[in-house]
Amino acid sequence: MSYSQTMGCLTLLTGLLFSGCESQSVTIASGGETDYEIYVPKDAREDQKRAAFELRAYLQSISGAEFSIVQTRKRDHQIRVEADKTSSSASGVYYGFEGSNLIVSGSDAKYSLYAVYTFLEEQLGCRFYTPNHEWVPRQSKIILPSDLNSQFEPDITVRTVHSQLFYEDSTFADKRKVSYEAFPKYVPEARVHTFHRFIPADQFLKEHPEYYALRNGRRIPTQLCLTNEEVFRIVRDSVSALIKRYPDREVISVSQDDNTQYCQCDNCRAIDESEGSPSGSMISFVNRIADEFPDKMISTLAYQYTRKAPKNLKPKDNVLITLCSIECDRSASIAEKCEDFYQDLVAWGKISDNVRIWDYTTQFTNFLAPFPNLRTLQPNVQLFRDNSARWVFEQHSRQPSELFELRSYLTAKLLWNPDLDVQTTTEDFLEGYYEEAAPFIHQYIELIHDELEADSTFFLFLYGDPSQGFGSFLGPDQLVQYERWFDEAENAVKDKPSVLQRVRRARLSVDYAGLEAARKNLSSDFTLATTSEEGAKATPSKLMQRLTRFEQTCKESDITAMNEMRFTVDEYLSGYRATLARSTQKNIALDKPVTLETAPKKYANEDPQTLTDGAFGGANFYANWLGFEGNDAVAIVDLEEPTQFSSISTAFLQVVNHIVFFPEAVEFEYSLSGQTYQSLGVLRNQRPLSPNSKINDTQYFDLQFPPMEARFIKVTGKSMKTAPIWHHGAGLPSWIFIDEVMVR
C-alpha cells in the first residue's frame, strides 16, 4: 500500500470512529465552519502565544474553517491554550474537555506548545517528520470524543539530540520536544572539557608546570593537578568571572580535558587510591568549586578514567554528573553488552540525584557508514530512564549521517516517551517520508540488523570502519542485496524528484560501504580495477556509477562532512580518485613477498602482505593500513628476481587526535643480494606536525630516479616515537600507518 493510500485509510478510519459515536462526541469544525474560538490569556508568554497561533494554523489547514484567537474567556465553545493545567507540579502536557471547552495545556509556556503538537499528532493525525516534510490530513469534520482526557509527564525532562535538524530549526525542535542546542542552560564558554580553558598551557606551563598533571616524572599539560591550591584558586576565579558574564545561565562545566593523562602526583594518587577511582580527586575538587557557587549547577564528567564512581565521596547537591558511554559496543543494548557502564550507572545513581547521560548513536569516524544500532536506541533510553536519569544528551553526528532523518526523529520520540511502539513509529516514518520506496528501505533496515545480530562476536564501535563489517553485515552478498533494494526504491519513486532525493540520501551509506569494499577488492562486484585479456587495467563502470551517485547526492543535499575530524566529502572524493589512479597503474611489487624488520601492532592482522596486496588504505586506520606503535616502520619487498625500476611510492596516514602522525622522513634503499643496502634517497615530511595540523590526512612519499636494477627494496618510515608535549597524548607512543608500496 502506498503512503497516500495508508494515510487516506487512517484519516477515513479516524472519521468513521468519531462519526459513529457523534452523540458522545464534540464537533469542533464541519464543512469549513466552526463555532469554536481559541483563547489565550493576555499575559501569556511568547511560547504560549505561539502555541495558540500554531493550533489555529493546523486546525484551519485540516478543516478549512477559520478559527479566531481571543483573549477573553467564555463559558463554552473555546479551545483554551493554557500553561498551568496538569495534575502535578511536574513538567507535562494535558488536553481534554471541560464541558464544551477543549483545554490544551502544559505545565508552563513551553509545555503548552508541546501540548498543542502532542494533540495534533495524537488526535488529528499530523506528522512532523523533518523541518521540510510533514503530513497534515484534510478532513471535512473535526470530531473528538467528549470524554477526551489525556495527560503525559515525560520522565526525561532535558532532552537533546545532537542533530542539525533541531539546532538549525527551533520550530522543528519544539515539534519534537527537544532542545535547540547541545548544552541548554550552560555557560557557552564552559560547556565541556574546560580544564585547558581555565588554565591555558601557553600562559602557565613555562612558569608553573606544577599546575599540570605529573606523569612518569614530568609535568605535562594534559590535565590539571587537582590537589594544587593555586589551581583551585585560578579555576574558582575563572568560574566566578564566567558566571558574572552570564548571570542567567544555570550550569557551568568544570571538567577534564579529552584524554586519559590524569595527574599521578602523591596527593592526587592518594585520593584516587582511597576512592578506588580517579573520580575521587575529580569529585573532591569539583565539590570545593560547588561550595563556592551554591546557586549554580557545576557540571563535571564521569568519562573514561573518571567513569567509575568514588567509593566514599558523594557529589554535592549542586554537582551535575555527566556519565558517558563512549566505550560501549553498539551491536546490542548497553545492559546486554556493556556491563561495566551499567554498573557505573547504578553506582552513580546511588550517590547523586543529578546524573546527566551523554550517550552516543553514530560512528564518529564514518558518519555516512552503515551503523545498525537502531534496535539499541529504545532499551538504552529505557535503561537511563529506569535509573533516574532526567537529563539525556544523545550525541549523534550533528551533520548528516546514515538514515539521518529517521534517526533524529526516532531518538527524539524516544526521549519524550521511552515506551513508545518503535516498530509502528519506524514504519509510520518510512511510509510518510519515503512513500512508495518505504518497503525496500524497511527491508534494508531489517536485514542489516538481522545480519549484525547473527554475528554475536562483532563489536560495533563508535570509532570503527566499514571494513570491519566486510566479514559480517557488510559482506559482498549482503552489499549486493542492499544495492538491489535501493535500485527498487529509486525506481518506485522515479517520478517524484523530492522523494527520490530522500531515497538517495538514505542510499549514501550503502554506496559508501560499496566504495570502501572496492578499496579492499572484496569481490568481483567490489573491486578497484579490472584487467583485460591484454593486461590493461581499468576502473569498473559500476564503481564509477557508485562514486558519481555518491558525489551528486552529497552535493545536492549539501552534505560536506565525512567524520568528526573535519575530513570533508571533497577530500574523500579527491583521495578516492587518487586511489583509483594508483590502482590502474602497473605495480611490479604487487603480491610480492614482504618481510618486516620492526614489529607491527594490532591492525591489518599485522600481516606484512598488506603492503603489496593491491588494496588501498582510506581515511581510517582500520582499513588496509599496517600500524607501528612507538617505532619505525621498516619493510623489505622482495621482487623475487633482479628487476629494473625508476620510482617507488608509498602512503602514510595521519589522524592527529588518535596519536597517528606522518613519519618525520621516509628512506628508500635497494639491494641485489638482500644483505647490504644502498640508499636511493630520503624524503622529508612535507607537512610537519603542529597544533594546527590537519587532523585526518594522507601523504604520498614518491621518489623518482634514473632506471636502476635491484631485487630487494627497503622502505623505512621514521617515527616521532612519542607525542609532543603540546599534544593530549604527550609522552605516549605515537603511531605511523603505512600502506601499498608501489614500484614502477
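1. Cys328 and Cys338 form a disulfide in this predicted model, with their sulfur atoms 2.1 Å apart. A search of the whole structure finds 1 disulfide, so if you are looking for a cross-link, this is the pair to display, given that a disulfide here means sulfur atoms within 2.5 Å. The angle about the S-S bond is -70°, and the link is left-handed.

2. What does this disulfide tie together? Cys328 sits in the loop between β16 and α11 (334-337), while Cys338 sits in the loop between α11 and α12 (339-351), so the bond ties together parts that are 10 residues apart in sequence. Both Cys328 and Cys338 are buried.

3. You may also wonder about some other cysteines. Why is Cys265 not bonded to Cys263? The closest cysteine sulfur to that of Cys265 is in Cys263, and at 3.6 Å it is too far for a bond. The sulfur of Cys268, in turn, has its closest cysteine sulfur in Cys265, again at 3.6 Å and too far for a bond. Cys265 is buried, with a relative accessible area of 6%, and Cys268 is buried as well, at 1%.

4. Next, the parallel sheet. This open sheet has 6 strands in the order β11-β18-β17-β16-β15-β14, with parallel pairing. Its edge strands are β11 (158-163) and β14 (251-253), each of which pairs on one side only. On average, neighbouring strands of the sheet are turned by 25° against each other, direction ignored.

5. Here are two details to find in that sheet. Strands β17 (residues 355-360) and β18 (residues 391-398) run parallel and are joined by 5 bridges; Arg356 stands opposite Trp391 in β18. Helix α10 (residues 279-292) lies across β15 (297-302) and β16 (319-324), and runs at about 170° to β15.

6. An antiparallel pair is found further along the chain. Strand β24 (residues 665-671) and strand β25 (residues 678-684) run antiparallel, with 6 bridges between them. Tyr670 has Gln678 of β25 as its bridge partner. The two strands form a hairpin with 6 residues between them, and Gly674 in the turn has a positive phi of about 85°.

7. Which residues have the most contacts inside the largest nonpolar core? They are Ile79, Leu120, Ile199, Val235, Val254, Tyr434 and Ile441, in a core of 164 residues. Helix α3 (residues 109-124) gives the largest share of this core, with 9 residues. To look at one of the well-connected positions, select Val235: leaving aside residues up to four places away in sequence, Val235 touches Phe198, Ile199, Leu224, Val254, Phe285 and Ile289. Apart from the largest core lies another, of 26 residues, among them Phe628, Phe652, Ile736 and Ile738.

8. Finally, helix α20 (residues 569-583). Its 15 residues reach 21 Å from the first C-alpha to the last, close to the 21 Å expected at 1.5 Å a residue. The buried residues of α20 are Val569, Tyr572, Leu573, Tyr576, Thr579, Leu580, Arg582 and Ser583. An α-helix has 3.6 residues a turn, so residues three or four places apart point the same way. The buried residues of α20 pack against two helices, α18 (497-519) and α19 (541-556), and against the strands β20 (537-538), β23 (633-655), β26 (696-718) and β27 (735-743).

Terms used. Residues numbered from 1 in each chain as written. Predicted model: local features only at pLDDT ≥ 70, side-chain atom pairs only at ≥ 80, totals over all residues. Heavy atoms only, no water. Helix = DSSP H or I, 4+ residues; strand = E, 2+ residues; numbered from the N terminus. Expected span 1.5 Å × (residues − 1). Buried < 20%, exposed > 50% of the residue type's maximum accessible area, 1.4 Å probe, protein only. Contact = heavy atoms within 4.5 Å. Pairing = 2+ DSSP bridges. Axes fitted to C-alpha atoms, helices over the stretch in contact; angles between N-to-C directions. Core = buried A, V, L, I, M, F, W, Y, C linked by side-chain atoms within 4.5 Å.
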